[in-house]
Structures are given as C-alpha cells and as structure tokens.
Amino acid sequence: NWREEEKKRNQISALSHDIKTPLSIIKGNSELLGETNLTKEQETYLNYIRKNTNRIGKYIETLMLVNKSSQANKLKFNEIRSKEFVEHIEKLAKEFTSTYKLNLLEDINYDDDFLIVDLKNFERAFLNILSNAEEQSPKNSTIKLIISSKADELQISILDQGHGFTGEDLLYAKDQFYQGDKSRHSKENYGIGLFVAEQIIDMHGGSLVLENRTDEIGAKVSILLPVKK
C-alpha cells in the first residue's frame, strides 16, 4: 500500500510538472498576441484565454500542495531556540506584509525555551495562514502578530481586520477544499491553505485554533507549539 501511494504521488508530481510546460507556452503566446492590433472581439477572447490559463495554473498549484501535504511524515525536525525561531517568524511576517502593502503590528513576549521544528515546512504553514489573512484584509489595513508563552507552549497568533469567520467557517475552514462562505474566500482560494497548515502543525505536536477577534471585527488564527524547557 505504501509503495502504491508513493507511486501515485510521483505520478501526480510528474503530471503536474508536464502540464506546466504547455501552459507556459499558451500563456507566453497569449502575451505576444496581446501586443498586436486586435479587434474588440479578439481582445475579449484573448482575455478569456488569459483568465482560464491563470485558473488552470492555480489548479495545478493546489494539486501540488495536496500532493505535498500527503508527505507530512517526511518532515525533518531540528532543535532550535525560541529566540531564533521567533526572529525568523518576525522576518517572514515583515516581508509578507511589506509585499502586500499591509501594516504589521507586533505584540511579542515569550520565554526563550527550545522547540523541535522543521523550519522549512513550518514556513509553509505560517505563510499559508498569512495568505489567508491577506485575502480578507481591507486595503492598507493592519495584520497583528502576537507571540507569547503559554505554559508549555509557544502561541503564535495572526489577527486580521476582515469580516471574521462565520459559524460554518469555524467548524469547517480547516477541511480540505472547504469554500463554504464566499465572503471569507476569494476566487483564487481553493480551500487548501489552512488544511495544509494544520497537517504540518499537527506533525509538530501542535494545534491550529480558529476564532474571531474580541477587540474588533476580524479573524484570529493561532498556532500552539510545544516547547522544551
């Protein structure tokens, strides 16, 4: 069974890679075509090609994410001081919010313990959560990053100023391909980000908690990771 699953994952990876080549050719040629003199009708058809080429690209990215998420047991864990880990997370958050022209507000106060993490894969989980927050954030709004120590855990919370989670979201938003509430999901969101994030965090012995902010309107997503004293 394990060999069959591995074979299936390899086939999906190979197929996803192969689809990218003709897709890139279509995209490149559509861009060249856009530089020529077109009628209004031709421009309309060209926009259809561009829009659906981008859509297929998003489907491929989602397929590859799903395929990677099934390999969570291949995480490579290392011991790292909380200080080094938090500094890395802060840097990621600053780079992300700067890229999307969002403000970043930090509230950081933690004990310098030790964590056992796969830093590369944790980055994926953290950036997926940030991406989910960015999709719901009004223009020029603020993302708040709170990092604190709670008993034997390090808590990392990301708060946005969007619409917040609905009751249905709170129940199902971490499910694979969930897209229940359209106000909480963009057309580019295929319900995979929080699912992958939770899988990675679970493999770290941690948990992912979804809730709404109590200080203002918006969502709050928290990662709880076990620490070593």
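Is Arg81 buried, partly exposed or exposed? In this predicted model, Arg81 has a relative accessibility of 36% and therefore counts as partly exposed. The residue belongs to strand β1, which covers residues 78-81. Its side chain meets that of Asp112 in a salt bridge, with an N to O distance of 3.2 Å. Asp112 lies in the loop between β2 (103-109) and β3, 31 residues from Arg81, and the pair links distant parts of the chain. Asp112 is likewise described as partly exposed, its relative accessible area being 33%.

The protein chain as a whole contains 6 helices and 7 strands. Read from the N terminus, the order of these elements is α-α-β-α-β-β-α-β-β-α-α-β-β. The chain has 229 residues, of which 38% are buried. Among contacts with a separation of 6 or more, 70% are between residues 24 or more positions apart.

In soluble globular proteins, nonpolar side chains tend to be buried together. The largest nonpolar core in the model comprises 38 residues. Within this core, the residues with the most contacts are Phe85, Phe126, Ile129, Ile156, Leu208 and Ile223. At least two core residues come from each of the helices α3 (82-99), α4 (119-136) and α6 (193-203). The strands β3 (114-117), β4 (142-150), β5 (153-159), β6 (207-212) and β7 (219-226) also supply at least two residues each. Phe85 illustrates how residues from separate parts of the sequence come together. Leaving out residues up to four places away in sequence, Phe85 touches Ile80, Leu115, Val117, Leu119, Phe122, Leu154, Ile156 and Leu225.

Phe85 is also one of the buried residues of α3. This helix has 18 residues, and its first and last C-alpha atoms are 26 Å apart, close to the 26 Å expected at 1.5 Å a residue. The other buried positions in α3 are Ser82, Val86, Ile89, Glu90, Leu92, Ala93, Phe96 and Thr97. Viewed down the helix axis, the buried residues of α3 fall within an arc of 165 degrees, so they line one face of the helix. The face turned away from this buried side carries Glu84, Lys91, Ser98 and Thr99, which are exposed. After the helix comes Lys101, which has a positive phi, near 55 degrees.

A salt bridge is also found within α3. Lys83 pairs with Glu87, and the closest N and O atoms of the two are 2.6 Å apart. Both residues lie in the helix, separated by 4 residues, about one turn. Lys83 counts as partly exposed at 42% relative accessibility, and Glu87 counts as partly exposed at 41%.

Helix α4 likewise has 18 residues, and the 26 Å between its end C-alpha atoms agrees with the span that should result at 1.5 Å a residue. At the N-terminal end of α4, Asp118 acts as a cap, with a side-chain oxygen 3.2 Å from the backbone nitrogen of Lys120. Buried residues in α4 are Asn121, Phe122, Ala125, Phe126, Asn128, Ile129, Leu130, Asn132, Ala133 and Gln136. These buried residues pack against α3, β4, β5, α6, β6 and β7. Phe126 and Ile129, both buried in α4, are among the residues with the most contacts inside the largest nonpolar core.

The structure holds 7 salt bridges. One of them joins Asp215 to Arg213, with the closest N and O atoms 2.9 Å apart. Salt bridges with shared partners connect Arg213, Asp215 and Glu216 in one network. Arg213 is located in the loop between β6 and β7. The relative accessibility of Arg213 is 11%, so this residue counts as buried. In addition to the salt bridge with Asp215, the Arg213 side chain reaches the backbone oxygen of Asp160 at 3.0 Å. Apart from neighbours within four places in sequence, the residues in contact with Arg213 are Lys144, Leu159, Asp160, Gln161, Gly218, Ala219 and Lys220.

Methods: Residues numbered from 1 in each chain as written. Predicted model: local features only at pLDDT ≥ 70, side-chain atom pairs only at ≥ 80, totals over all residues. Heavy atoms only, no water. Core = buried A, V, L, I, M, F, W, Y, C linked by side-chain atoms within 4.5 Å. Buried < 20%, exposed > 50% of the residue type's maximum accessible area, 1.4 Å probe, protein only. Contact = heavy atoms within 4.5 Å. Expected span 1.5 Å × (residues − 1). Arc of directions from axis to C-beta. Salt bridge = Lys/Arg side-chain N within 4 Å of Asp/Glu carboxyl O. Polar contact = N/O pair within 3.5 Å; in protein donor to acceptor, adjacent residues only side chain to side chain.
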